[in-house]
Amino acid sequence: MKYIGIDIGDGESAVACLAEDSVIEPVIQPIDGRGSILSVVGMAGTEVRIGEKALLDRKVVHLRSRFKSRYLNTMDAERDIERFAHGLRTALLEEADDFFDGDVYIAVGCPAGWKENDRARYCEIMKRAGLGDVHIVSESRAAFFYARYAHELKVAPELLDQTTLVIDIGSSTTDFAYIVNGRESAIGTFGDVSLGGGLIEACMLRRAVAASKHREELETVFRESLSWKNRLEIAARRLKEQYFLDEAEWVKTPCVASETVYYDLPVKVKFELNEDIMREILSTPMDELKGATFDEALSDLLRHAEQATAENLPKLVILTGGASRMRFFREACAAQFPNAQVVICPEPEYSIAKGLAYAARVDDRLDAFSKDIEAYFQSGDVSREIAASLKWLTVPLASILSGRIVHDVVLNVLDEWKCGEIETIEKMDAPIIERTDELVRNLDDIPEIRPAINEWLKKLFQRLQPRLDEICIRHDVDRQSMSLTGVRSLIGPEKVNILLESPVTTTLIYVITSCVTATLCGGGGVVLLMEGPVGILLGALIGLIVAYFGQKAVTSAVSRANLPLFTRKLLCLSFRKSLSSPRQRKAIESALLSSMDSPRFQKQLETDITISLESQIMNMARSVEMPIVQ
C-alpha cells in the first residue's frame, strides 16, 4: 500500500508519498521539477495548464488562482478546482508514470471549518478529476500528525509529549490542532475559513492599482479579464514571500517588483513593501473580513484558540503553513501564548502534504482495525459471552429489586391502607403497579445498582479482553488503549476506570431499565411482577386475614372489604413481621429471578447490552493512538 497526501493550497500545492512500512518521513513528490507548484490553472485550447506553465504561457486563457478560498461562495470555483486537480494528476504521472499504480490510499486536505456536505462535494470533485477514491482530511488534523511524527522540528521528544497547539496558516485559512498527551484532544480541530495570507496579496494589489496613474484602465481590465487580475495577485504574492524571507534586508530600501499588463496597451503595475507599508496593510479594514483589519481578525482568532485550550494551555505552539514565515504572525502567537515555546516548521509549505500522508496511513490502519473489532461483534461471540454471564447480573438485580419493592413500594402502600387512605386490598393493586413501574424506571437512583453492574462488567470484560488483545496485536495497536478495565485520560496521564462513573455503566443502567420495564412491567400493568414478588406479598396479606378470621369468614369478597382500622393495624403488625422472615424474602427474590430468567427477558437484555457495548467499544477503537513509525 502506498499513502499519498495531496495539499491543494490557495497559494501553492504539494504532494507527499509514504510507503506502508517506511520508517522514513514522507517524500515530497516533484511536480514540473519542483517540490511545490503554484495553485494556478488555465486552459490552452482544450489542454489544462497549471502552475508556472499556466502563468508563463501567453496562450492560456481563463487563468484562475485562489480558487480554494472561493469554493464555499462561488460555483465556478468547482470547475477551477477540478481542472487543477486533473492537471496535478497529469503532472505527477509525467514525473513518474507508475505513481498511482497498485494499492494507493489518497488523503486530500481541506480547511477545518468546512462542513460535512462541503467535504463530500469536494471529494466528488477530486473523483471527477481522476484521483479516484480519495479521503478528505482536515488540514489541521494533518498538521497534528506532522507535528507528532515528523523529525524536522528539532524539538526535544519530551516536549512533544506536552500539551501542543498546531497553528496552520495558509493563503486562505488558519486552522488549529490541539494535542494533549500526544493525542488530538476532544476539542478536536477548529479554525477560520477566511483568514489567510492571500488577503495581504489582495490588499497589495488594491494599493498598487490605487497608486497607478492608469487606475481606471486597470479596473476596466480586471472587470473584463479575471486572468490578468490573478496574474497580478501572484506577482504580489511573490513579492510578499521575498519580503518575509528576510525582512531586515528591506528596512532601508523597499522591496519592489513590477508586472506589465498587456491588454489594449501595455501598463506597468508596481508593487513595493517595507515595514511601514506592511503595518498599514495589516491595519486597513478589509471587506473580506467584514470591515475588520487583518490584525484584529488575527487577534480574535488567537484569543478564541486560547479560550478553547484554557483548561490545559499549550506548552508548545507549532506554526506551519506557507504564511507562517510572516514575522508579525509569529510574534502575535508568541504574545498570545507567553508560557509556550513557539517553533516554526523548517519547510512549512510541505508540512501539510506530509501530514496528510501520515493521516492516510493512520486512517487506513484504523479502518482495518475497526473492521476486525466490528467482525468480532458480528461473529456472535460477544452476544454468547453476554448471554452466558447474565446470571451474574440478574441474581444481584433480583435481590436488590425485591428488597426495594418490599420497602419502597409495598410497605408504603400498606401503611396507606392501614390508615384508611386506601379502602380495600383490591385497590392496593393500582398504586403498587404504578410505583413499582416508577421504581424500575429509575434504577440509577438506587445506590446498590451501579456497583452491582460494575461487578458484573468486570467479570464480563475478563472474558472479552483476550480477543480484543489478539486484534490489537494483529494491528500493532497498544493493548492498553483498548483495555476495557482502564482507559487513558484525555486531560492527564493518570488512568481512569472505565467501570466507575463511566458512560458504559450509565448506558447499561438505561439499557437494563428499558428492558425491565418493557418485559417485566409491560402490557396493562406489572404483569410478571404481579405474578411474582408482588403477587406473593398480596397473597401473604390475604393469608394473614385467613389466619385471623378463619377460612369460613374469608370469601372471594375479602379483597373488596373495607376492614375496620383497628383490624388493619393489627394485621399490618403481623404482616411486617412476616416480611422480615428469610423464607418470605427468599420467596419474593426467587419469584423476581424467575421472571428475569424468562427467555423473552434474557434475549432482550442480551441484545440490548450487546448493541450498547459494541457502540462503546467501537468508539474506543476509532480513537486509539495508532503507531506510525515501526
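A residue is termed buried when its relative accessible area is under 20%. By that criterion strand β8, spanning residues 104–110, is mostly covered, with six of its seven residues buried. The model described here is predicted. This briefing treats strand pairing, one helix, internal and open spaces, cysteines, backbone angles and two long-range contacts.

**Strands β1, β8 and β9**

- Strand β8 pairs with strand β1 (residues 2–8) in the parallel sense, over five bridges.
- Within the pairing of β1 and β8, Gly5 stands opposite Ala107 of β8.
- Strand β8 is also joined to strand β9 (residues 134–138) by five bridges, and these two strands run parallel.
- In the pairing of β8 and β9, Gly109 faces Val137 of β9.

**Strands β5, β6 and β7**

- Strand β5 (residues 40–44) is largely enclosed by the rest of the structure, because five of its five residues are buried.
- The cover extends to both faces of β5: Val40, Gly42 and Ala44 are buried on one side, and Val41 and Met43 are buried on the other.
- Strand β5 and strand β6 (residues 47–50) are paired in the antiparallel sense through four bridges.
- Gly42 lies opposite Arg49 of β6.
- The hairpin of β5 and β6 has two residues between the strands, and Gly45 in this hairpin adopts a positive phi near 70 degrees.
- Strand β5 is further joined to β7 by three bridges, in an antiparallel arrangement.
- Val41 stands opposite Arg64 of β7.

**Helix α2**

- Helix α2 comprises 20 residues, 76–95, and at 1.5 Å a residue it should span 28 Å.
- The C-alpha atoms at the ends of α2 are 29 Å apart, which agrees with that expectation.
- The buried residues of α2 are Ala77, Glu78, Asp80, Ile81, Phe84, Ala85, Gly87, Leu88, Ala91 and Leu92.
- As a general point, an α-helix has 3.6 residues a turn, so residues three or four places apart point the same way.

**Cavity**

- A search of the whole structure yields one cavity of 30 Å³ or more.
- The largest cavity holds about 30 Å³ of space.
- Its lining consists of Ala147, Arg148, Leu160, Thr164, Ile179 and Ile318.
- Classified by type, the lining of the largest cavity contains four nonpolar residues, one polar residue and one charged residue.

**Second largest pocket**

- The second largest pocket encloses about 690 Å³ of space.
- Its lining has 29 residues, and those nearest the centre are Arg66, Ser69, Arg70, Leu199 and Glu288.
- Two or more lining residues come from each of β7 (61–65), α6 (198–211), α7 (215–224) and α8 (226–245).
- Helix α6 makes the greatest contribution to this lining, with six residues.
- The lining of the second largest pocket divides into 12 nonpolar, seven polar and 10 charged residues.

**Cysteines**

- The structure contains zero disulfides.
- Cys123 counts as buried because its relative accessibility is 12%.
- Cys255 is likewise counted as buried, at 0% relative accessibility.

**Positive phi outside glycine**

- Most residues other than glycine have a negative phi.
- His62 has a positive phi, near 55 degrees, although it is not glycine.
- His62 is located in strand β7, and its relative accessible area of 43% makes it partly exposed.
- Asp476 is also a residue other than glycine with a positive phi, near 55 degrees.
- Asp476 belongs to the loop between α16 (449–474) and β17 (487–488), and at 46% relative accessibility it counts as partly exposed.

**Contacts distant in sequence**

- Arg463 and Glu385 are separated by 78 residues in sequence, while their C-alpha atoms are 7.2 Å apart in space.
- Arg463 is placed in helix α16 and is partly exposed at 34% relative accessibility.
- Ile422 and Asn562 are separated by 140 residues in sequence, with a C-alpha to C-alpha distance of 9.1 Å.
- Ile422 sits in the loop between α14 (391–418) and α15 (429–441), and its relative accessibility of 9% places it among buried residues.

Definitions and conventions: Residues are numbered from 1 along each chain as its sequence is written. This is a predicted model: local features need pLDDT of at least 70, side-chain atom pairs count only at pLDDT 80 or more; totals for chains, interfaces and linings use all residues. Side-chain values use heavy atoms; hydrogens and water are left out. A disulfide is a pair of cysteine sulfur atoms within 2.5 Å. Buried means under 20% relative accessible area, exposed over 50%, partly exposed in between (1.4 Å probe, protein chains only). On a 1 Å grid over the protein atoms alone, a cavity is a set of points where a 1.4 Å probe fits but cannot get out, and a pocket is an open set with protein on both sides within 12 Å along at least five of seven lines; lining residues have an atom within 4 Å of a point. Grid points are joined across faces, edges and corners, and a volume is the space filled by probe spheres set on the points. Ala, Val, Leu, Ile, Met, Phe, Trp, Tyr, Cys and Pro count as nonpolar, Asp, Glu, Lys and Arg as charged, and the others, Gly among them, as polar. The expected span of a helix is 1.5 Å times one less than its number of residues. Two strands pair if DSSP finds at least two bridges between them.
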